[in-house]
Amino acid sequence: MEKNDFKLDPAGDNIVELAFDTPKDGTNAYGAWWLYGVKKDGLDTSFFVKSPNLHKKLSEYGKGAKLNIKKEEYAPNKYAWEVHALGGSMKSNPIQTTASNNSMLDNRTLDIHKQVCLKLATQSIEKFDIKVIEERMYQLLDVLHGSRANPVLEKVKEVFDGKVIEEEKLPF
């Protein structure tokens, strides 16, 4: 593939055909990036994606999928990249990019999340209590990162001195 990268045109249609099932990926000082190899106007080329949301949408398609990538307004003065299939099919196993997938979160992002959750936890209480603030902060982080524990199982573990009880054997 030749080195003739192009940038997605935010003002129009970007009709491409994916040349590979998965992009090349990496991280740098600015965060995660993905390099998609495509055919555009009959030429082999590629483009960079820096948006995890756009990458998630593109990762649902495999080699040979013909797509139209364009920026669309979803609310007044708010835009997002959208992917419309023109041909080809979706992958049977698109990548799993859920809130609990922290592999794409770098230390800087995690630190920002912690700061925001600390601020929200502090604002949510009437009387300053560091234990309550810390507990709420970690609860908010659990919700944000999708790692919410089952509170019933946690209580059962506490009652039974940390012994693991299989969920199927619980009477409720």
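# Exercises on a predicted protein chain

D13 has a relative accessible area of 46% and is therefore partly exposed. The class follows from fixed limits: buried means under 20% relative accessible area, exposed means over 50%, and partly exposed lies in between (1.4 Å probe, protein chains only).

The model is predicted, so local features need pLDDT of at least 70 and side-chain atom pairs count only at pLDDT 80 or more, while totals for chains, interfaces and linings use all residues. Residues are numbered from 1 along each chain as its sequence is written, and side-chain values use heavy atoms, with hydrogens and water left out.

## Exercise 1: the chain as a whole

Find how many helices and strands the protein chain has, and the order in which they run.

Step 1. Helices (H or I, at least four residues) and strands (E, at least two) are DSSP runs, numbered from the N terminus.

Step 2. The protein chain holds 4 helices and 6 strands.

Step 3. Read from the N terminus, the order is β-β-β-β-α-β-β-α-α-α.

Step 4. The chain has 172 residues, and buried residues make up 25% of them.

Step 5. A contact means heavy atoms within 4.5 Å. Among contacts between residues at least 6 apart in sequence, 45% join residues at least 24 apart.

## Exercise 2: three salt bridges

Which residue forms a salt bridge with D13, and which parts of the chain does the pair tie together?

Step 1. A salt bridge needs a side-chain nitrogen of Lys or Arg within 4 Å of a carboxyl oxygen of Asp or Glu. This rule gives 3 salt bridges.

Step 2. The partner of D13 is K70, with 3.5 Å between the closest N and O atoms.

Step 3. The pair ties together parts 57 residues apart in sequence, because D13 lies in the segment before strand 1 and K70 in strand 5. K70 is partly exposed, at 25% relative accessibility.

Step 4. Another salt bridge joins the side chains of D44 and K39, at 3.4 Å from N to O. D44 is partly exposed at 34%, and K39 counts as partly exposed at 39%.

Step 5. E82 forms a salt bridge with K57, where the closest N and O atoms are 3.3 Å apart. E82 belongs to strand 6 and K57 to helix 1, so this pair ties together parts 25 residues apart in sequence.

## Exercise 3: the nonpolar cores

Name the residues that touch the most other members of the largest nonpolar core, and the elements that each supply at least two of its residues.

Step 1. A nonpolar core is a set of buried Ala, Val, Leu, Ile, Met, Phe, Trp, Tyr and Cys residues joined through side-chain atoms within 4.5 Å.

Step 2. The largest core has 17 residues, of which Y36, F47, L54, L58, L67 and I69 touch the most other members.

Step 3. At least two residues each come from strand 1 (14–18), strand 3 (31–40), strand 4 (43–49), helix 1, strand 5 (66–75) and strand 6 (78–87). Strand 3 contributes the most, 3 residues.

Step 4. A second, separate core has 6 residues, including I125, I133, M137 and L141.

Step 5. Setting aside neighbours within four places in sequence, F47 is in contact with several residues, among them F6, W34, Y36, L58 and I69.

## Exercise 4: F6 and H55

Is F6 buried or exposed, and which side chain makes a polar contact with the side chain of H55?

Step 1. F6 sits in the segment before strand 1. Its relative accessible area is 17%, so F6 is buried.

Step 2. With neighbours within four places left aside, the contacts of F6 include N14, V16, V38 and F47. F6 and F48 are 42 residues apart in sequence, and their C-alpha atoms are 8.1 Å apart.

Step 3. H55 lies in helix 1 (residues 52–58) and counts as buried at 5% relative accessibility.

Step 4. A polar contact is a pair of N or O atoms within 3.5 Å; within protein, one must be able to donate a hydrogen and the other to accept it, and residues adjacent in sequence count only if both atoms are side-chain atoms. The side chain of H55 makes such a contact with that of W34, at 3.2 Å.
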